[in-house]
Amino acid sequence: MRTSEIDVVGGSRYRAFDVESVKGYIAGVAEIADRLGTSNAEAMTAREVGDGNLNLVFIVEGPRGAVVVKQALPYVRLVGDSWPLPLKRAYFEWNALVRQAACQPRRLPHLFHFDPVNALIVMEYLTPHVILRKALIAGRQFHNLAEHMGVFLAQTLFRSSDFCMETSKKKADMALFADNVSLCAISENLVFTEPYFDAPLNRWTRPQLDRPALALRADSAVKVGAQEMLYRFTSKSEALLHGDLHTGSIMVTPDDTRVIDPEFAFYGPMGFDIGALIANLYLAYFSQEEHGGDRDERLAYGEWLLETAENIWSVFAESFARLWREERTGILYPRRLFEDVGDAAGATVGLHRFLGAVFEDVIGFAGAKIVRRLVGLAHVEDMESIADPERRALCEARALLMGRELLVNRTTFNDIYGLSCLARSIRTERKPL
């Protein structure tokens with residue numbers, strides 16, 4: 001139902017805004033109007049900048065500043081009104097932002113206003129930040145990125161887990177986010193299932209990528225691997241996840257990093273967020289040589305991408321271990337069983353075993369995320385912006401091989417550096433087409 005007004009629960013009216021009507025809305029919210037320096041809609045400017053798959057995103061500016069207004073639509077924007085989607089996803093996004101800000105406030109936009117009827121959030125306008133994905137395509141380096149994201153992941157995941165969080169509060173939060181059924185279903189289908197059969201919305205670079213794309217459907221090992229990761233996705237409730245953490249949901253400057261768009265948030269396996277992020281760095285790596293500029297510089301930049309993926313995991317593991325030692329107050333591995341009775345070594349064994357299990361999940365989820373971005377519904381600009389289909393398909397085929405290897409052989413990697421070695425060997429030694 002692609003309409004400007006629809007009925008929602010309780011008889012209230014939802015309205016999808018445009019660049020004119022959103023100014024009137026903001027003018028009527030006193031605290032936001034005061035922030036912008038005017039309650040006169042005519043003194044404001046607005047533009048719609050959403051380039052994602054689901055929502056409207058406006059930047060509204062006044063004499064003293066600007067805000068971002070993100071509004072959910074009652075359908076998937078990428079597909080249209082033939083694919084309806086609940087407006088309540090804005091509620092889950094707001095709650096995820098609030099909770100993650102309590103764990104790590106420096107890496108999120110400041111929040112100003114939530115309207116559950118119109119399914120919108122008003123938040124900080126991040127400037128001069130840019131979307132990380134676009135910066136990676138342009139070949140820009142951000143030397144704080146791995147540190148910022150590794151710490152963010154460790155703090156948000158550890159502090160929302162049974163290692164730290166009070167059990168009753170975690171169970172209440174799990175119940176709240178368990179209702180985010182529709183967006184979890186998107187991941188369950190688009191990431192783990194549809195890329196491996198003839199789903200109507202699948203697409204890829206045809207006909208150049210036909211052979212490896214179609215081979216997936218006959219590859220029992222990769223299909224089993226994907227379903228094993230789906231089982232972990234649906235059955236592990238380790239921590240509150242962002243749920244869609246990729247290079248398009250991170251905004252950066254040389255000194256700052258912010259995470260946006262956690263509308264897919266739910267309680268799931270820690271490795272999913274980490275794997276999703278490094279998967280997108282690998283996709284950027286395999287696309288690098290086709291984005292112009294000096295070839296040697298692009299190869300060096302590819303090495304920086306691999307190093308960034310390595311460092312995100314290393315910083316995460318180090319930060320998680322520090323939190324384990326300093327903030328482990330939850331039901332799991334209680335100190336009265338270990339440190340309080342002189343068995344710190346036992347707690348350390350537990351930490352290393354847990355991180356080993358998370359790392360295996362990271363590898364498998366990274367593989368699933370790579371595959372889905374190449375032969376599923378929603379692709380990435382890193383690859384899509386390569387104009388020559390022959391060259392694009394070669395980059396995609398290499399990345400697809402990487403995804404398959406991670407799904408099928410995830411238990412064979414001892415450390416994150418092995419993933420970098422695999423990526424290099426695929427790019428330089430293997431002929432995937």
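Which backbone nitrogen does the side chain of Gln71 reach at 2.9 Å? In this predicted model, the side chain of Gln71 reaches the backbone nitrogen of Phe17 at that distance. A further backbone atom is also within its range, for the side chain of Gln71 reaches the backbone oxygen of Arg15 at 2.6 Å. Gln71 itself is located in strand 5, which covers residues 65-72. With a relative accessible area of 0%, Gln71 falls under the 20% limit and is therefore buried. When residues up to four places away in sequence are left out of the count, Gln71 touches Tyr14, Arg15, Ala16, Phe17, Asn55, Leu56, Phe58, Asn118, Ala119 and Leu120.

The strand that holds Gln71 belongs to an open sheet of five strands, arranged in the order 3-4-5-9-8 with antiparallel pairing. Strand 3 (45-48) and strand 8 (111-115) form the edges of this sheet, each of them pairing on one side only. On average, and with direction ignored, neighbouring strands of the sheet are turned by 20° against each other.

Within the sheet, strand 3 and strand 4 (residues 55-62) run antiparallel and are joined by four bridges. Two residue pairs illustrate the bridging to strand 4: Ala46 has Val60 as its bridge partner, and Glu48 has Phe58. On the way to strand 5, eight bridges are found between strand 4 and strand 5, again in an antiparallel arrangement. Ile59 stands opposite Val68 of strand 5. The two strands, 4 and 5, make a hairpin in which two residues lie between them. Six of the eight residues of strand 4 are buried, so this strand is largely enclosed by the rest of the structure. Helix 3 lies across strand 4, strand 5, strand 8 and strand 9 (120-124), and its direction is at about 155° to that of strand 8.

Tyr75 is placed in strand 6, which consists of residues 75-76. Its relative accessibility is 10%, and Tyr75 therefore counts as buried. Tyr75 and Pro86 are eleven residues apart along the chain, and their C-alpha atoms are separated by 7.4 Å.

Helix 7 (residues 181-190) contains the buried residues Leu183, Cys184, Ile186, Ser187 and Leu190. Viewed down the axis of helix 7, these buried residues fall within an arc of 150°, so they line one face of the helix. The elements that cover them include strand 7 (80-84), helix 3 (89-103), helix 9, strand 14 (266-268) and helix 12.

Salt bridges were then considered across the whole structure, and the search finds 34 of them. In one of these, the side chains of Glu360 and Arg232 meet with a separation of 3.0 Å from N to O. This pair links distant parts of the chain, since Glu360 belongs to helix 12 (residues 344-375) and Arg232 to helix 9 (residues 220-235), the two being 128 residues apart. The partners are assigned to separate classes of accessibility. Buried residues have a relative accessible area under 20%, so Arg232, at 19%, is buried. Glu360, at 22%, is therefore partly exposed. Both residues also take part in a network of salt bridges that links Glu228, Arg232, Lys236, Glu238, Glu360, Asp361 and Arg410.

Helix 12 contributes to another salt bridge, between Lys369 and Asp244, in which the closest N and O atoms are 3.8 Å apart. Here too, distant parts of the chain are linked: Lys369 is in helix 12, whereas Asp244 is in the loop between strand 11 (239-241) and strand 12 (250-252), 125 residues apart. Lys369 and Asp244 are both buried.

In a further salt bridge, the side chains of Glu290 and Arg391 meet at 2.8 Å from N to O. This contact likewise links distant parts of the chain, with Glu290 in the loop between helix 10 (270-287) and helix 11 (295-327) and Arg391 in helix 14 (residues 389-408), 101 residues apart. Glu290 is partly exposed, its relative accessible area being 23%. Arg391 is also partly exposed, with a relative accessible area of 35%.

Technical notes. Residues are numbered from 1 along each chain as its sequence is written. This is a predicted model: local features need pLDDT of at least 70, side-chain atom pairs count only at pLDDT 80 or more; totals for chains, interfaces and linings use all residues. Side-chain values use heavy atoms; hydrogens and water are left out. A salt bridge is a side-chain nitrogen of Lys or Arg within 4 Å of a carboxyl oxygen of Asp or Glu. Buried means under 20% relative accessible area, exposed over 50%, partly exposed in between (1.4 Å probe, protein chains only). The arc is that of the directions from the helix axis to the C-beta atoms. Contact means heavy atoms within 4.5 Å. A polar contact is a pair of N or O atoms within 3.5 Å; within protein, one must be able to donate a hydrogen and the other to accept it, and residues adjacent in sequence count only if both atoms are side-chain atoms. Two strands pair if DSSP finds at least two bridges between them. Axes are lines fitted to C-alpha atoms, for helices over the stretch in contact, and angles run from 0 to 180 degrees between N-to-C directions.
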